[in-house]
Amino acid sequence: MNIKAIKPYWEHFEHGADIGIRGIAPTLEQAFEQTAVAMTAVITNPDQVSASKAVSIRCEAPDNELLLVDWINELVYEMAVQGLLFKRYQVAINDGILTAAAFGEIIDRQKHQPAVEIKGATFTELRVNQQPDGSWVAQCVVDV
């Protein structure tokens with residue numbers, strides 16, 4: 001199978017009272033981006049969010065799983081502190097250091113109709129790995 005033919009996507013998966021978020025893509029960076037979109041989609045429809053404001057994110061961890069938790073928690077922090085929702089992401093990962101830009105806008109309760117507030121990423125169902133077809137999967141459960 002041609003790995004470049006895999007279109008990056010995200011999905012949710014069931015996990016008790018919390019919600020699993022998963023990104024699947026040809027590259028590790030795109031999988032992290034798609035996991036973040038899945039996180040936004042827990043809160044609101046990402047299509048309803050404009051990408052008018054950019055926020056820089058940087059985190060560092062000894063492995064990809066811990067990096068994913070740090071990434072999602074940094075986004076949760078930025079959303080809470082700045083009152084933002086994010087639509088899209090550009091991620092670069094190099095030697096355990098993630099640098100990214102998250103694009104979004106100030107939350108508008110009427111426009112975005114947020115369903116829940118995410119408290120943070122957990123270690124439950126935490127997995128970042130490359131599949132036999134070459135694609136990457138990045139997932140965890142978020143506490144809502």
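Two strands count as paired here if DSSP finds at least two bridges between them, and this tour of a predicted model begins with one such bridge.

**First stop: the three-stranded sheet**

Select Glu60 together with strand 5, and look for Ile97, which is the bridge partner of Glu60 in that strand. Then widen the selection to strand 3 and to strand 5, residues 97–106, which pair in the antiparallel sense over eight bridges. Another place to stop along this pairing is Lys53, which stands opposite Gly104 in strand 5.

Now add strand 4, which is joined to strand 5 by 10 bridges, the two strands running antiparallel. Tyr89 can be picked out here, since this residue stands opposite Ala102 in strand 5. If you follow the chain between these two strands, you pass through a hairpin with two residues between strand 4 and strand 5, and Asp95 in the turn has a positive phi of about 50°.

With these strands selected together, you have an open sheet of three strands in the order 3-5-4, with antiparallel pairing. Strand 3 (53–60) and strand 4 are the edge strands, each of them pairing on one side only. On average, and with direction ignored, neighbouring strands of this sheet are turned by 20° against each other. How many of the 10 residues of strand 5 are buried? Seven of them are, so strand 5 is largely enclosed by the rest of the structure.

**Second stop: the helices on the sheet**

Next, select helix 1, residues 28–43, which lies across strand 4 and strand 5 and runs at about 165° to strand 4. Helix 2 also packs on the sheet, where it touches strand 3, strand 4 and strand 5, and the direction of helix 2 makes about 145° with that of strand 3.

Within helix 1, select Met39. Is Met39 buried or exposed? With a relative accessible area of 0%, Met39 is buried, because that value falls under the 20% limit for buried residues. If residues up to four places away in sequence are left aside, Met39 touches Ile21, Ile72, Leu75, Val76, Met79, Tyr89 and Ile118, and it is worth displaying the side chains of these residues together. For a sense of distance along the chain, add Glu29, which is 10 residues away from Met39, with 15 Å separating the two C-alpha atoms.

**Third stop: the largest pocket**

Met79, one of the contacts of Met39, leads on to the largest pocket, for Met79, Ala80, Ile107, Arg109 and Glu117 are the lining residues that lie nearest its centre. The lining is made up of 14 residues, and the space in this pocket is about 250 Å³. Colouring the lining by residue class would show 10 nonpolar residues, one polar residue and three charged ones. Helix 2 (64–82) and strand 4 (84–94) each supply at least two residues of the lining, and the largest share, three residues, comes from helix 2.

From the residues nearest the centre of the pocket, select Glu117, which lies in the loop between helix 3 (109–112) and strand 6 (120–121). Glu117 counts as exposed because its relative accessibility is 63%, over the 50% limit. Leaving out residues up to four places away in sequence, Glu117 touches Asp143 and Val144. Leu98 makes a useful second point for a distance line, as Glu117 and Leu98 are 19 residues apart in sequence and 24 Å apart in space, C-alpha to C-alpha.

**Fourth stop: residues with a positive phi**

Most residues other than glycine have a negative phi. Gln113, in the loop between helix 3 and strand 6, has a positive phi of about 40° although it is not a glycine. Gln113 counts as exposed, at 61% relative accessibility. Moving along to the loop between strand 6 and strand 7 (127–130), select Glu125, where phi is near 55°, again a positive value in a residue other than glycine. Glu125 is partly exposed, with a relative accessible area of 42%.

**Last stop: the hairpin of strands 1 and 2**

Finally, select strand 1, residues 9–15, and strand 2, residues 18–25, which pair in the antiparallel sense over seven bridges. Glu11 stands opposite Arg22 in strand 2. Strand 1 and strand 2 form a hairpin with two residues between them, and in its turn Gly16 has a positive phi of about 50°.

Terms used
Residues are numbered from 1 along each chain as its sequence is written. This is a predicted model: local features need pLDDT of at least 70, side-chain atom pairs count only at pLDDT 80 or more; totals for chains, interfaces and linings use all residues. Side-chain values use heavy atoms; hydrogens and water are left out. On a 1 Å grid over the protein atoms alone, a cavity is a set of points where a 1.4 Å probe fits but cannot get out, and a pocket is an open set with protein on both sides within 12 Å along at least five of seven lines; lining residues have an atom within 4 Å of a point. Grid points are joined across faces, edges and corners, and a volume is the space filled by probe spheres set on the points. Helices (H or I, at least four residues) and strands (E, at least two) are DSSP runs, numbered from the N terminus. Ala, Val, Leu, Ile, Met, Phe, Trp, Tyr, Cys and Pro count as nonpolar, Asp, Glu, Lys and Arg as charged, and the others, Gly among them, as polar. Axes are lines fitted to C-alpha atoms, for helices over the stretch in contact, and angles run from 0 to 180 degrees between N-to-C directions. Contact means heavy atoms within 4.5 Å. Buried means under 20% relative accessible area, exposed over 50%, partly exposed in between (1.4 Å probe, protein chains only).
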